[in-house]
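I open a new page for this model and note what I look up in it. The plan is to go through strands, helices and empty spaces in turn.

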Amino acid sequence: MLLLIRFLSIAVIFISSAAYAENTLTIDSNTPTALALQEWTYYTPATQASDITQVSQLSSTNWNKLTADVVRGLSDKHFWIKFSVQSSGSITTKRILSITNPHLDLIELYHFNRHRLINKVIMGDSIPFSQRPIISNDFAYPFSCKNEDFHTFYLRISTTGSSSLPITIWTDDAYYQDAEQQSLFYGFQIGVLTAIGFFSLFIAIASHSFSYTYYAGYVLSLTLFVATLHGIAFRFMWPNWPIIQAFITPVLLCLSMAFAFLFSEKVMQLKYHSQPMLRICRLGAAISIVLLLLGLLLDYNLALKLDICAVMFASLLLMYIALVQGFRGHKLAKLFAIGWAGMMLGALISGMLYLGYIELKLQAKTPFMLGLSFEIIFMAALLAIRYNDERLAKLQIQQEALIQAQRVKTTREDALRIEARSSEQLGQMVQERTLELEIALRELNEANQKLTEQSTIDSLTGVKNRNSFDKRILAEGRISRRQQTPMAVLMLDIDHFKSINDTYGHLAGDQALRVIAGELKRILKRPTDLVSRFGGEEFAIILPNTNQEGALQVAESIRKAIFELLIHWGDITIPLTVSIGVSVEIVSSEQHTTLLLDQADKALYRAKNEGRNRIMLYSPEQD
């Protein structure tokens, strides 16, 4: 019985030891030139031991296999990892240990050979770049392997961002060959992005185009973000200022997002097609700037998670806007949706990889880089298409103007030939008759002009009358509907006009109407603007191709000018104020002009009810 108990105890100890046995990597001449070490890597939380002396004395039961779950997502992590490498063979070989995550904050590497510490190295993007053992975008450590060497590596990892640990052991030649290929690929990628960015910037400067300006800002900020993502920016731009690494990634994400909203607004021409979506894009740009400023104050990990979620949401939002505009038949929106699809998919997949929601056997940045490359090239082509369309439209207008000028010239030459022929035929005999006829025609023309003026001009104020206004608003409504431009209607009423007539007489009231009409004609300088006397003390104003902001600005100028205007009637100074109702919309039908006028009248009525001497923009609740 006693022997059985001892046998079972020995068996339990043996099984426990086997369960916690650690795998050791053996390197020989048949070992691949690049070998991932995940199978031989173990980890333990940094709370169990604070220094290398304590860590090196931990038993096997304190170490667990390093799995993807341990290093998934973005979090504030501190842990130790270790792995062992045993070499066999008589030839001394040079090996390089690499960690291809350039965003780890701090790596403390302890290299033991047969339990003897032979080297300690501190690396990380919180350490100046020059302190790395090998000048590389990633973290690399060289060591030599001789026969019967037993190397054990302990690494203390501290990071607040991505804790991904792709550890690989390389032969010397294979590592530098791979590094050269990566540098060539990254250099080509960043070079193409930089070239597109500066090319767009030069076009923006030459053409004064906001579309190219925002696109240049978008591409250049993304170029710097890509360089930061690969570790190239830290290496070449601020190697001695690691503090920049603590905030540059969230800042560049927010800056790129702001430029993306502004560029999308311009390239899809939302100003003309959808005012609500235009406001959404501008609000998105403003929120991006707010997030940028918050990122400078918040914890790096929290700021990065917040910005990644914002980028994912912004990608979906811009895709929705592009699809809505595309289904409405806008050509540029359709092309934008195709180009943005790659960016949206890349941002969503990479975002979920970084946040740890999904797991794929590829680097988290890879989907984003692929989508970005497709999107940047496609958007450059889209801008080229838009630029070509605008150039062809201008060329067509110039050709039509040239044809029209040629027709006028031909007509004038024909008229001159006819006149010369008639002069030769008639001669002196009809000169007197012609002179009489010209005089009669001139008198008739003057009479017709006076008659036309009487039918279109208000005799008291000198501005257009109601009949002229009715014809003009129909014509401008057709132009608004055809060109999809907003048209503004202003209804103006003189406050307390009846009291002026009652107090100072109707002649004083007529003088007030004349002075106000003259002031309106002085303020409205555009040839297309029209001011008319609508009836009694009311004036109606048409402002073609004018948005709400412009209409309100004109209305305020009129209200202020009349408020400051003093009308003299004899020795008496009559103060005047006006109330103005404003309605602005893109006309969609023939009846819409009547509705626009009715809306302006309702806004005027509200301005009167709320105290006079004010302007009021129509809103649906006024109905």
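**Entry 1: a hairpin**

I looked up one residue pair to begin with: Leu566 stands opposite Pro575 in β16. The model is a predicted one, and I keep that in mind for every entry. The strands concerned are β15, residues 566–569, and β16, residues 572–575, and they pair in the antiparallel sense over four bridges. Together β15 and β16 make a hairpin, with two residues between them. In the turn I noted Gly570, which has a positive phi of about 70°.

**Entry 2: the five-stranded sheet**

In what order do the strands of the open sheet lie? I read the order as β13-β14-β12-β17-β18, five strands with mixed pairing. At the edges stand β13 (530–535) and β18 (615–617); each has a single partner strand, so one side of each is left without a neighbour in the sheet. I also looked up the twist: neighbouring strands are turned by 20° against each other on average, direction ignored.

Next I took one pair from this sheet. Strand β12 (residues 487–494) is joined to β17 by eight bridges, and the two run antiparallel. Within this pair, Met491 has Gly581 of β17 opposite it.

Then I asked which helices lie on the sheet. Helix α13 packs on it and touches β12, β13, β14 (538–543) and β17. The direction of α13 makes about 130° with that of β13. Helix α15, residues 506–523, lies across β12, β13 and β14. I noted that α15 runs at about 10° to β14.

**Entry 3: two helices in contact**

Two packed helices are described by the angle between their axes and the distance between the axes. I looked up both values for α3 (residues 172–207) and α11 (residues 365–426): the angle is about 35° and the axes are 11 Å apart. The crossing of α3 and α11 is left-handed.

Which residues meet there? From α3 I listed Tyr186, Gln189, Leu193 and Ile196. From α11 I listed Lys365, Met369, Leu372, Ser373, Ile376 and Ala380. Sorted by class, this contact has seven nonpolar, two polar and one charged residues.

**Entry 4: closed spaces**

Rolling a probe the size of a water molecule over the atoms shows where empty space is left. I counted cavities of 30 Å³ or more and found two.

The largest cavity has a volume of about 140 Å³. Its lining is made by 14 residues, and those nearest its centre are Ser256, Met257, Ala260, Val311 and Met343. I checked which helices take part: α4 (210–229), α6 (248–267), α9 (300–327) and α10 (331–355) each supply at least two lining residues. The largest share, five residues, comes from α6. What classes of residue line the largest cavity? I noted 12 nonpolar, two polar and no charged.

The second largest cavity holds about 30 Å³ of space. Its lining consists of Leu474, Gly477, Arg478, Arg481, Val587, Ser589, Glu590 and Thr593. Helix α13 (residues 466–483) gives the largest share of this lining, four residues. Here the classes are two nonpolar, three polar and three charged. I note that α13 is also the helix that packs on the sheet of Entry 2.

**Entry 5: open pockets**

The largest pocket has a volume of about 1,200 Å³. It is lined by 47 residues, and I wrote down the closest to its centre: Ser162, Ser164, Leu362, Gln363 and Ala364. Elements that each supply at least two residues are β11 (167–171), α3, α4, α6, α9, α10 and α11. By class I have 27 nonpolar, 15 polar and five charged residues in this lining.

The second largest pocket comes to about 610 Å³. Of its 18 lining residues, Lys271, Gln275, Pro486, Asn547 and Gln548 lie nearest the centre. Two or more residues come from each of α7 (270–273), α8 (275–295), α16 (548–563) and β17 (578–585). Which element gives the largest share of this lining? That is α8, with four residues. The classes for the second largest pocket are five nonpolar, seven polar and six charged.

Terms used
Residues are numbered from 1 along each chain as its sequence is written. This is a predicted model: local features need pLDDT of at least 70, side-chain atom pairs count only at pLDDT 80 or more; totals for chains, interfaces and linings use all residues. Side-chain values use heavy atoms; hydrogens and water are left out. On a 1 Å grid over the protein atoms alone, a cavity is a set of points where a 1.4 Å probe fits but cannot get out, and a pocket is an open set with protein on both sides within 12 Å along at least five of seven lines; lining residues have an atom within 4 Å of a point. Grid points are joined across faces, edges and corners, and a volume is the space filled by probe spheres set on the points. Ala, Val, Leu, Ile, Met, Phe, Trp, Tyr, Cys and Pro count as nonpolar, Asp, Glu, Lys and Arg as charged, and the others, Gly among them, as polar. Axes are lines fitted to C-alpha atoms, for helices over the stretch in contact, and angles run from 0 to 180 degrees between N-to-C directions. A crossing is left-handed if the near helix is turned anticlockwise from the far one by less than a right angle, and right-handed if clockwise. Contact means heavy atoms within 4.5 Å. Two strands pair if DSSP finds at least two bridges between them.
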